[in-house]
Amino acid sequence: MAHEMIATEVQGAVALIRLNRPQALNALCDQLMRELGEQLLAYDADPAIGAIVLTGNEKAFAAGADIKEMQGRTYPDVLEDDFIAKWETITRIRKPVIAAVAGFALGGGCELAMMCDIILAADTAKFGQPEINLGVIPGAGGTQRLTRQVGKSKAMEMILSARFMDAAEAERANLVSRVVPAADLLDEAMKLAARIAALSPVAVAIAKLSVNRSYEVTLAEGVRFERSVFMPLFGTADQREGMAAFAEKRKPRFARR
Ligand code: HXC
C-alpha cells in the first residue's frame, strides 16, 4: 500500500505507524486520515501483528484536523461528506493501539490519541482542545472522551478556554498512562507493544473489548459482560499453555495464528 502521509515499519509482531506530514505539524487532513484508516485495518487483519504503535514526531503528534482544508467548508458540505466518519476507524481496531505522544496533541490530534488504548507521553507533550478559538468545538469525541478521562472541571476549562495541558498535568489527570523522557518515548512504546504482542492474541483482544465495554454500560452490565467473555477463554489453547507454563515454572509460549 503506497502512502504519502504516514510512514510504517514492522518490528517483530509490532507495527509502527508514524504520522508523516511534518511541514503541517501532522495536521490530520482527509488523505492522512484515509491512509491511517486503511493501514490500521490492514494491520488488524494481519495475524503476524500483535500490537500497533501510533506516533508523530518530536514537535507534534498532531496539531489537529487540517484547518486550511476545513476553512472553506459549509454546513451542507460537512453534512454531506461526513468527513469525521473516517476518524472512527481506529475505534474499530481489535488489536491494542498505543499512542506515543511528543509535542503537540491538539484538537483532533488529542482526540485521535484518546481513541487509542494507551497513551504514553514524552515530557514534551502538550494536550489541548483549542477548537473554540476557531469558532467550533471538538468534533471527534473530545467533549466526551476528555470529560470521562479528566473529569468535568478540567475538561470544561480546556474546551471552553483552549488552555493546553502539559505532560505532568496530563499524567496527574489520568489522561496518559505515564510520562517518559522524550528521547526514550519510541523505545518505551515499542517495548510495551512487544510485550503485549508476545501474549495470547485472543486474551489480549478480549481484554481490550472488555475494558472498552466499561465506557458503554453500567457496572453490573459490564461485570456480566466480563464474565461472559472470561469463561470462553477456558476453551483456548492459550489458557492451557499459560496455566501449564505457570505450573511448570517456565515461560509460556503463545502462538500467533
Ligand atoms: C493546518 C496547521 C495546523 C492545523 C499547524 N499547521 N497546525 N495547518 N491545520 N491544525 C501548520 C501551520 O499553518 C504552519 O504552516 C505549520 O503547520 C507550522 O505551524 P506554526 O503555527 O507555524 O507553528 P508554531 O508557531 O510552532 O505553532 C504551533 C501551534 C499552532 C501552536 C500548534 O500551529 C496552532 O495553533 N495550530 C492549530 C492548532 C489547532 O487549533 N488545532 C485544532 C484544529 S480543529 P505554514 O504553511 O504556515 O508553515 C480540530 C477539529 C477536529 O482539530 C474535529 C474532528 C474532525
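Start with the whole protein chain on screen: of its 257 residues, 43% count as buried. Keep in mind as you go that this is a predicted model. Colour by secondary structure and you should find eleven helices and ten strands in the protein chain. The C-alpha atoms fill a box of roughly 60 × 45 × 40 Å, taken along the principal axes. For 257 residues, a compact globule would have a radius of gyration near 18 Å, and the protein chain, at 19 Å, agrees with that.

**Stop 1: the ligand**

Now select the ligand and show what surrounds it. There are 25 residues around the ligand, and those that come nearest are Lys59, Ala65, Ile67, Lys68 and Gly108. Colour that shell by residue character and you get 15 nonpolar, five polar and five charged residues.

Next, turn on the backbone atoms and look for polar partners. Begin at Ala63: one of its backbone N or O atoms lies 2.9 Å from a nitrogen atom of the ligand. Move to Ile67, where a polar backbone atom is 2.9 Å from a ligand nitrogen. Then go to Gly108, which places a backbone N or O atom 2.8 Å from an oxygen atom of the ligand. How much of the ligand does the protein bury? Taken alone, the ligand exposes 1,000 Å², and the protein buries 66% of that.

Which elements give two or more residues to the shell? Select α2 (67–71), β6 (104–106) and α4 (108–115) to see them. Of these, put α2 in a bright colour: α2 gives the most to the shell around the ligand, with three residues.

**Stop 2: the cysteines**

Stay with α4, whose range is 108–115, and select Cys110. Cys110 is in no disulfide, and a search of the whole structure finds zero of them. Where is the nearest cysteine sulfur? That one belongs to Cys116, and it is 11 Å from the sulfur of Cys110. Draw the distance and you'll see the reason there is no bond here: at 11 Å, the two sulfurs are too far apart for one, since a disulfide needs them within 2.5 Å.

Are these two cysteines buried or exposed? Cys110 is buried, with a relative accessible area of 0%. Cys116 counts as buried as well, at 8% relative accessibility.

**Stop 3: helix α6 and the loop after it**

Jump to helix α6, residues 152–161, and pick out Ile159. With a relative accessible area of 11%, Ile159 is buried, because anything under 20% counts that way. For a sense of scale, measure from here to Phe83: the two are 76 residues apart in sequence and 21 Å apart in space, C-alpha to C-alpha.

Step along to Ala162, in the loop between α6 and β9 (165–166). Check its backbone: phi is near 70°, a positive value in a residue other than glycine. Most residues other than glycine have a negative phi. Ala162 is buried, with a relative accessible area of 11%.

**Last stop: Lys249**

Finish in the segment after α11 (237–247), where you'll find Lys249. What is its phi? Lys249 has a positive phi of about 55°, although it is not a glycine. Switch on a surface and look at how the residue sits: Lys249 is exposed, with a relative accessible area of 81%. That is over the 50% cut-off for calling a residue exposed.

Definitions and conventions:
Residues numbered from 1 in each chain as written. Predicted model: local features only at pLDDT ≥ 70, side-chain atom pairs only at ≥ 80, totals over all residues. Heavy atoms only, no water. Near = heavy atom within 4 Å. Polar contact = N/O pair within 3.5 Å; in protein donor to acceptor, adjacent residues only side chain to side chain. Areas by Shrake-Rupley, 256 points an atom, 1.4 Å probe, with all protein chains shown as cover. Helix = DSSP H or I, 4+ residues; strand = E, 2+ residues; numbered from the N terminus. Nonpolar A, V, L, I, M, F, W, Y, C, P; charged D, E, K, R; others polar. Buried < 20%, exposed > 50% of the residue type's maximum accessible area, 1.4 Å probe, protein only. Rg over C-alpha atoms; globule rule 2.2 N^0.38 Å.
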